[in-house]
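Reader: I have a structure to go through before I set anything up. Can you walk me through it?

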Amino acid sequence: MKKIGKQLLICAVLLHSAAFGQNASLTASCSKTTVGLNEPFRITFATNARKGTITPPNFEKFIVVSGPYKSNQTQIINGKMSSQRSIAYEIVAQEEGVFTLPAARMKVSGQELESNRLKITVKAGAKRNSRADRNARESFNVRILTSKKSVYVGEPIVLKFRATLFDPVRDLSIIQAPNFENVLQQQLEFKQESKREVVGNKIATVLDFDKRLILPNKPGTLGGQELKVSGQVQVPTGRRDFFNMPLTKFVPQVATAKIPAVKIKPLPEGAPKHFKGGVGELKLVRVISRTEVSGSESITIKLRVEGTGNFNTLEVPELIQPEGFDVYDPKYNENIRSSELGIRGYKEYEYLLVPQYPGSFILPDIQWSYFNTRTERYETITIATDTLNVENPALSGVQETSDLEEAVKREVKTIDDDIRYLQDDNLEAQGTSNLFPWTFGLLMLAGLLWLWQFAPERGKNRKVNWKKEQLKIVQKAFAAEEEQRYGTMLNALEYGLVKKGIHLEQVRREVLENVYDRPIANRILDLIENCNMAQYAPVAASDNAHQLTEFEEVWEQI
Amino acid sequence: MGTDLTSVTDSARALYDLGRYGEALEKYRMVYASQAENDVLCYNMGNCYARMGELGEAKVFFERALIYAPNNIDAQHNLDWINLRLTDALVAPKEELVEWIGQWERSIMSPEGWTFLAWVFLTATMALLVLRRTKNRSLNWRWPFTTTALALLLLGMSYLSIPKIKTGVVVERNSYGYSEPSSNSKRLILLSEGSAGTILGTNNSWVYVELGDGRLAWFDVDEWESLLPAPD
């Protein structure tokens, strides 16, 4: 037991030393440093580390034909263990030149390893012409077949990729498909079939391995794009086995082909106004579920474009909505199949129309144009107008709460069978008079009059007015024999003197003589005194008249 | 002049009675240039169009008669009669409140009537102001102020009562609505005769119309007629 434990310990130490006792490294190597165009060669990245994942570089100018091929080797020599892992790719160059392949990377115990960089020279005529290589190169080829040599924009073309195999080839795969601009490309589903044919005195297997539908969007020329196909070709090694049978091996081989030129013609000028891009052999169909409805029934209208054409881009015309119906958003249906004959199927809009009023309604005509690739002319399809009849008296009741209630109600009212007769004309020659200037004039005048109200009055008039007003007040008081008539007279005198700048408290002979003549001053003073006395003592009627006359005379002078 | 007009309309009536509606219409048309706002004339022209089977035009003239005289019962009746036969016509969007007020005012009095009434109050204002200034200074200012306010109110009502309807009516059998003012643009709708809408603008020979259901489209101007005749 003790012995077994000792042996395990020794093994553990040995393994540890194998894993960590040596420096980890990552190396890159290639089978050839000078290669020909489309000549496969092998790139291998190897490491002695037992852990970590090798991350290959971006091959950029090269295409991976096959791989990655992984291998793992462990050796124990004289008790010393070594390990080697590698990852390999078969690649081909896409263009001539000298290229440096970037380094591969891997992480081991937190340390990042980088491989060496490989310098590869690609030359067109650098292919080795060994017998095996020559045999491999001639073992298969590929071609691109086009269904048409000249098409219109929007007219589909079918590309067929055909391989001719003279030797057994396995793992046939497209490593680079033709890259087109301004086209829609779609891979067609089909069953691969091979057939035996005699090609140049050799029996070959012809295999159509891919089909694509191309829909050009712009005029120009299609051509020059390259197809690259790789395969493993079985070639003899020149050696024989124990049973004297020839030994063979599989060699990677790349075959290329270029698409033959296809002219993309623009559509002829003078497209009709209803042309919306439809190209092919197409039909426009309108399907009306019914033209007469009653009750709460609805109508379904389908507008369908069907046939063969560029369904990916063509537009189905929209329904011009008839009046009297609520038209809901259409439902879209399509059934499109791509085949060697082109794109077939239909696209349709399905509209639901719900009647709103009873009556006959016109379903407008529809015009739609497309370019017919068979006749090579624009063709216009016209679907004539139709009439939709809605017979539903109850619909007027349904409208009770709608905005259109008024209009419908008017229709429902009892109306005579005929229009009413002419009315009596009451025609008078209408002048060209416009009321606006007159109205404007009147407004201006009124405005001016309002302004006039606020304008200051002239002095003379004011003087005349207040004297007259005060005189009237006094005369009125005396005429009515008011008790306070002398007080009124005294007030008037005071008012008149104040207007002259003399206050009643200042009324003295000297002051009055500065303003009036002495007789007038005396009369004013007498009148004031009489008024004061009369307020407290009864005065005879004759004195009233006298005093008023005196006041009127003095007032004139004031 | 009045006699001339009467003789023309008399002869139009005689032609109408004889069933020569087209000729009667021509007679009315001679007068129409100077009598565009006469509701009776519009009514009679609507009758001629209705007899000739041009229901769209008839609708326009009955509507016009009702614009200038909302209480014209015969025009209302004949318009109802027309509408009954244009059941597939689309109705115009609802009128605005201001237009509704204007219509109510016109049912009471013509715009000129409202203006004359405003003039009366303006004249009274001026008389009161002159009196206050020259004769009776003690006259309270509230009187001229009140008459001025009434005059201004009546002038406002007079302005509101002037028809400003933007409605147009399809006068052809059909009228296609387009997305742009061009027959090459997308067709949006087909309207039948008598359909109405609010004319929002024009562009050369195209009118931009808002329909009763809120849709907007351009129509050929020749297929539409505005309810308010264009000013000369």
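Author: What follows covers one helix, the contact between two chains, and one loop residue. This is a predicted model, in which local features need pLDDT of at least 70 and side-chain atom pairs count only at pLDDT 80 or more, while totals for chains, interfaces and linings use all residues. Residues are numbered from 1 along each chain as its sequence is written, chains are lettered from A and ligands numbered from 1 in the order in which they are written, and side-chain values use heavy atoms, with hydrogens and water left out.

Reader: ok, α5 of chain A. How many residues does it have, and what does it span?

Author: Helix α5(A) runs over residues 435–454, which is 20 residues, and reaches 30 Å from its first C-alpha to its last. That is close to the 28 Å expected at 1.5 Å a residue, where the expected span is 1.5 Å times one less than the number of residues. Helices here are DSSP runs (H or I, at least four residues) and strands likewise (E, at least two), numbered from the N terminus.

Reader: Which of its residues are buried?

Author: Leu435(A), Thr439(A), Leu442(A), Ala446(A), Leu449(A), Trp450(A) and Gln453(A). Buried means under 20% relative accessible area, exposed over 50%, and partly exposed in between (1.4 Å probe, protein chains only).

Reader: Why do they line one face?

Author: Seen down the axis of α5(A), they fall within an arc of 100 degrees, so they line one face of the helix. The arc is taken over the directions from the helix axis to the C-beta atoms.

Reader: And what do they pack against?

Author: The buried residues of α5(A) pack against α7 (111–134) and α8 (142–161) of chain B. Contact means heavy atoms within 4.5 Å.

Reader: Which exposed residues are on the face turned away?

Author: Phe436(A), Leu448(A), Leu451(A) and Phe454(A).

Reader: Now the interface. What area is buried between A and B?

Author: About 5600 Å², with carbon and sulfur atoms giving 57%; buried area is the accessible area (1.4 Å probe) that two parts lose on being put together, summed over both. Chain A contributes 50 residues to the contact and chain B 69 residues.

Reader: How many salt bridges across it?

Author: Four, counting a side-chain nitrogen of Lys or Arg within 4 Å of a carboxyl oxygen of Asp or Glu. One salt bridge joins Arg187(B) and Asp365(A), at 3.6 Å, N to O.

Reader: Different topic: Asn72(B). Buried or exposed?

Author: Asn72(B) counts as buried, at 7% relative accessibility. Asn72(B) sits in the loop between α4 (55–68) and α5 (73–85) of chain B.

Reader: What is it in contact with?

Author: Leaving aside neighbours within four places in sequence, Asn72(B) is in contact with Gln423(A), Asp39(B), Tyr43(B) and Leu66(B).
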